[in-house]
Amino acid sequence: MPVTQERSGTAPQSPDQAPRPGRAARALAKVRAGLPRTGLAVLGGLLLALAFPPFDLWPLSLVGVAALSLLTRGRTARQAAWTGFAFGLPFFLLLLSWLRVIGWDATVGLSVIEALFLAALGSGLAVTSRLPGWPLWAGCLWITQEWARDRLPLGGFPWGRLAFANTATPYTPLAALGGAPLVTFAVALSGALLAWAALRLRGPRRAPRAAALAALGAVAALLAGYLVPVPTAPADTVKVALVQGNVPNPGMDFLGRPMMVLNNHAAATEKLAADIEAGRVERPDIVIWPENSSDLDPFSDPLAYQRIDEAVKAIGVPTLVGTLVDGPDSRHVQNEGIVWDPKTGPGASYTKQHPVPFGEYVPFRDQLAKVITRLQRVARDFYPGDHNGVMQLGPARIGDVICFEVAYDEIVRDTVDKGARVLVVQTNNATYAKTGQPEQQLAMSRLRAVEHGRAVLIAATSGISAVIAPDGSVVQRTEELTAAELSAVVPLRDGTTVADRVGAAPEWTLAVAGLLACGAAVLIGRRRRPTAGTPAT
C-alpha cells in the first residue's frame with residue numbers, strides 16, 4: 001500500500017526560520033532577567049543610607065560601595081546606568097526623607113535628580129571595570145560623582161557624600177590631609193577592594209592569595225587615618241555661651257507669631273545674665289544666637305531692635321545675632337549673622353552666600369509658581385552675600401557659616417584661609433526637627449572640625465546646638481525642641497592643616513583621574529572591537 005503524505009498550506013519551518021518574539025516580548029524578557037540585579041541594587045542603596053545619621057551604621061558605607069561595584073562590573077554602560085539609578089533612588093529617598101516635612105513630592109523630585117548622578121557613576125564603574133587596577137578608578141569615580149553633585153544643578157547639593165557617613169570613624173583623620181574628598185576616596189577604595197576580593201573567591205579562577213591582598217589593602221586604607229596627626233593645641237582660648245531659645249512649633253510654621261522666636265532667645269539670654277549676676281555661672285566672653293533667632297528685621301522694626309539691644313546689654317558681651325534683614329529691593333531678603341556690641345550696637349555682618357533653591361529662593365519663579373502654588377510660601381527670595389564670614393566677635397576672630405553652607409567645602413575653607421580661629425555654624429533646623437536632618441548636619445560639622453583643625457560651635461534655634469573640639473569629638477550638645485544654653489571654653493587656633501594648604505587640589509586631581517580612566521577604557525574598548533568583515537576572536 002503506498003504511503004501518502006498529507007499536504008498542508010505551508011511548508012514546515014526549520015529551526016532557523018522560527019518566528020522571533022516581538023519587540024515588546026523581548027523587552028519584557030530583558031526586564032525579567034534584570035529584576036534580581038535591580039533588587040540587589042535597591043537593597044545596596046538602602047544599606048548605604050543606613051550608614052548615615054541618624055542610623056550611623058558606618059561600615060555599611062563599605063558594603064554599599066562594594067555592592068555597586070559588583071553589580072556594575074562587566075555590564076554595558078547602559079545596563080550599569082540603570083543599576084546605578086536603582087541604587088541611587090532608594091538611597092536618596094531614605095537619606096532625604098526629612099524633606100517630607102515640605103512634601104513627599106519634594107523628596108521624590110530631589111532624589112530622582114540626585115540619583116541621575118549615581119546612574120552616571122554606574123556607567124563609569126562598568127566601563128572602567130575592564131581596566132587593570134579598577135578598584136583605584138572606582139574610588140576616583142566616586143569623587144567625580146560627588147564633585148559634580150556639589151556644583152550641579154543650581155549650585156549643587158552635596159548631601160550624601162561618603163565622607164559625611166564617616167565623621168567619627170577610622171577614616172575621619174584623613175580629612176586633615178585632603179578634606180572630605182580624601183575621606184570619600186579612602187572609603188570608596190576600601191569598598192571596591194572588598195568587591196575585588198569577593199570576585200577572587202568565586203568561580204573557576206579562584207585566587208585566595210589575591211583576595212587576601214585586596215582585603216589587606218582595604219584594611220590599610222581603613223587604618224591609614226590613625227597615622228594622621230590631628231592638631232588640637234590652642235594658641236588661645238575663649239569662653240563662649242550658645243543660646244538655644246527654641247521655637248513655638250516645629251515644621252513649616254516654626255516662627256509662630258511675630259517676635260515669638262526673638263523673645264525666646266532674648267529671654268534665655270537675660271536668664272543667663274541673671275545667673276551670672278547671682279554668681280551661679282561665669283560670664284562668657286561672647287554669646288552666639290542661631291540663624292533666624294530674630295524673625296524680624298531689627299533695622300526696619302524698632303521693637304525688634306530694642307528687644308535685641310536689651311538682651312545684649314543685659315549679658316554685657318558681644319553677641320552674634322542671626323536675623324533676616326531687608327534686601328536691596330522689595331523682592332529680596334538677606335539671611336545674616338550680625339555682631340551686636342552691648343555699647344555700640346550692630347556692627348559687622350555676614351550674609352549667607354549660598355541660599356537653598358526652593359527653600360530660600362525660587363528659581364524660575366514666574367513660571368513655576370503658577371504650577372506649584374506651594375512655592376508662593378517663599379514670599380521673597382534670599383539675596384546672596386558676596387564675602388566670607390570672618391568677623392571679630394569680642395576677643396575671637398570667628399568664621400561664620402550659615403546652616404546648609406557647612407556642607408560646601410569651599411565656603412568653610414575660605415573662612416579658615418582668611419584667618420578664622422574658630423568656626424561658627426548658625427542654623428535653624430526647626431522645620432526638620434525630629435527627622436534626622438539635624439544629626440546629619442552635626443556630622444558634617446564634626447568633619448569640618450578635623451579638616452580645618454578648628455573648634456566648631458553650632459547654635460541652633462531648636463537643636464542640635466553643640467560644642468565640637470578640633471579633633472571632631474562632641475564636647476557638649478543639646479536635645480531637640482528644648483530651650484537650652486551651652487557654656488564652654490574653646491580653643492582658638494592659628495595653625496593650618498595640610499587640607500587647608502592644598503585646598504581643592506585633591507578633589508580635582510581624583511575627579512579628573514576618574515574621567516581620564518573612563519576615556520581610556522572607551523578607547524581601549526574601541527580598539528579591541530572587531531571591524532566590519534573581520535571575524536571576532
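**Chat notes on a predicted model**

Me: Start with Leu-223. What is its relative accessible area?
Reply: This is a predicted model. Leu-223 has a relative accessible area of 42%, so it is partly exposed. That value falls between the 20% and 50% limits.

Me: Which helix is Leu-223 in?
Reply: Helix 7, which covers residues 208–223.

Me: And how far apart in space are Leu-223 and Tyr-171?
Reply: Their C-alpha atoms are 7.1 Å apart. Along the sequence, Leu-223 and Tyr-171 are separated by 52 residues.

Me: Zoom out. How many helices and strands in the protein?
Reply: The protein has 14 helices and 13 strands.

Me: What share of the residues counts as buried?
Reply: 52% of the 537 residues.

Me: What about contacts with a separation of 6 or more? How much comes from residues 24 or more positions apart?
Reply: Residues 24 or more positions apart account for 69% of those contacts.

Me: Pockets now. What volume has the second largest pocket?
Reply: About 420 Å³. It is lined by 13 residues, and those closest to its centre are Lys-30, Val-31, Gly-34, Gln-79 and Trp-82.

Me: Which helix gives the most to that lining?
Reply: Helix 1, with eight residues. Helix 1 spans 23–49, and helix 3, spanning 77–95, also supplies at least two lining residues.

Me: How does the lining divide by class?
Reply: Five residues are nonpolar, four are polar and four are charged.

Me: Stay on helix 3. At what angle does its axis cross that of helix 4?
Reply: Roughly 145°. Helix 4 is residues 104–128, and the two axes come within 6 Å.

Me: Left-handed or right-handed crossing for helix 3 and helix 4?
Reply: Right-handed. The contact of helix 3 with helix 4 has 16 nonpolar residues, six polar and one charged.

Me: Backbone oddities next. What kind of peptide bond runs from Leu-152 to Pro-153, cis or trans?
Reply: Cis, with omega near -15°. Pro-153 sits in the loop between helix 5 (134–149) and helix 6 (175–199).

Me: And Gly-463 to Ile-464, what is omega there?
Reply: About 10°, so that bond is cis too. Ile-464 is in the loop between strand 10 (456–460) and strand 11 (466–468).

Me: Why look at cis bonds and positive phi values at all?
Reply: Because most peptide bonds are trans, and most residues other than glycine have a negative phi.

Me: Then what is phi of Asn-246?
Reply: Near 75°, a positive value, and the residue is not glycine. Asn-246 lies in the loop between strand 1 (236–244) and helix 8 (260–277).

Me: Why does Asn-246 count as buried?
Reply: Because its relative accessibility is 15%, and buried means under 20%.

Me: What is Asn-246 in contact with, leaving aside neighbours within four places in sequence?
Reply: Asn-264 and His-265 are in contact with Asn-246. So are Thr-461 and Ser-462, plus Leu-481, Thr-482 and Ala-483.

Me: Next, what is phi of Lys-434?
Reply: Near 65°, again a positive value outside glycine. Lys-434 is in the loop between strand 9 (422–427) and helix 12 (437–452).

Me: Is Lys-434 buried or exposed?
Reply: Exposed, because its relative accessibility is 57%. The limit for exposed is over 50%.

Me: Switch to Leu-189. Where is it found?
Reply: In helix 6. Leu-189 is buried, with a relative accessible area of 18%.

Me: What does Leu-189 touch, not counting residues up to four places away in sequence?
Reply: Pro-135, Leu-136 and Gly-139.

Me: How far apart are the C-alpha atoms of Leu-189 and Trp-134?
Reply: They are separated by 9.7 Å, with the two positions 55 residues apart along the chain.

Me: Last one, Gly-495. Which loop is it in?
Reply: The loop between strand 13 (484–492) and helix 13 (498–502). Gly-495 has a relative accessible area of 33%, so it is partly exposed.

Me: And how far is Gly-495 from Gly-453 in space?
Reply: 7.8 Å, C-alpha to C-alpha. In sequence, Gly-495 and Gly-453 are 42 residues apart.

Note on methods
Residues numbered from 1 in each chain as written. Predicted model: local features only at pLDDT ≥ 70, side-chain atom pairs only at ≥ 80, totals over all residues. Heavy atoms only, no water. 1 Å grid on protein atoms, 1.4 Å probe; cavity = no way out; pocket = protein on both sides within 12 Å on 5 of 7 lines; lining within 4 Å. Points joined across faces, edges and corners; volume = space filled by probe spheres on them. Helix = DSSP H or I, 4+ residues; strand = E, 2+ residues; numbered from the N terminus. Nonpolar A, V, L, I, M, F, W, Y, C, P; charged D, E, K, R; others polar. Axes fitted to C-alpha atoms, helices over the stretch in contact; angles between N-to-C directions. Left-handed = near helix turned anticlockwise from the far one by under 90°. Buried < 20%, exposed > 50% of the residue type's maximum accessible area, 1.4 Å probe, protein only. Contact = heavy atoms within 4.5 Å.
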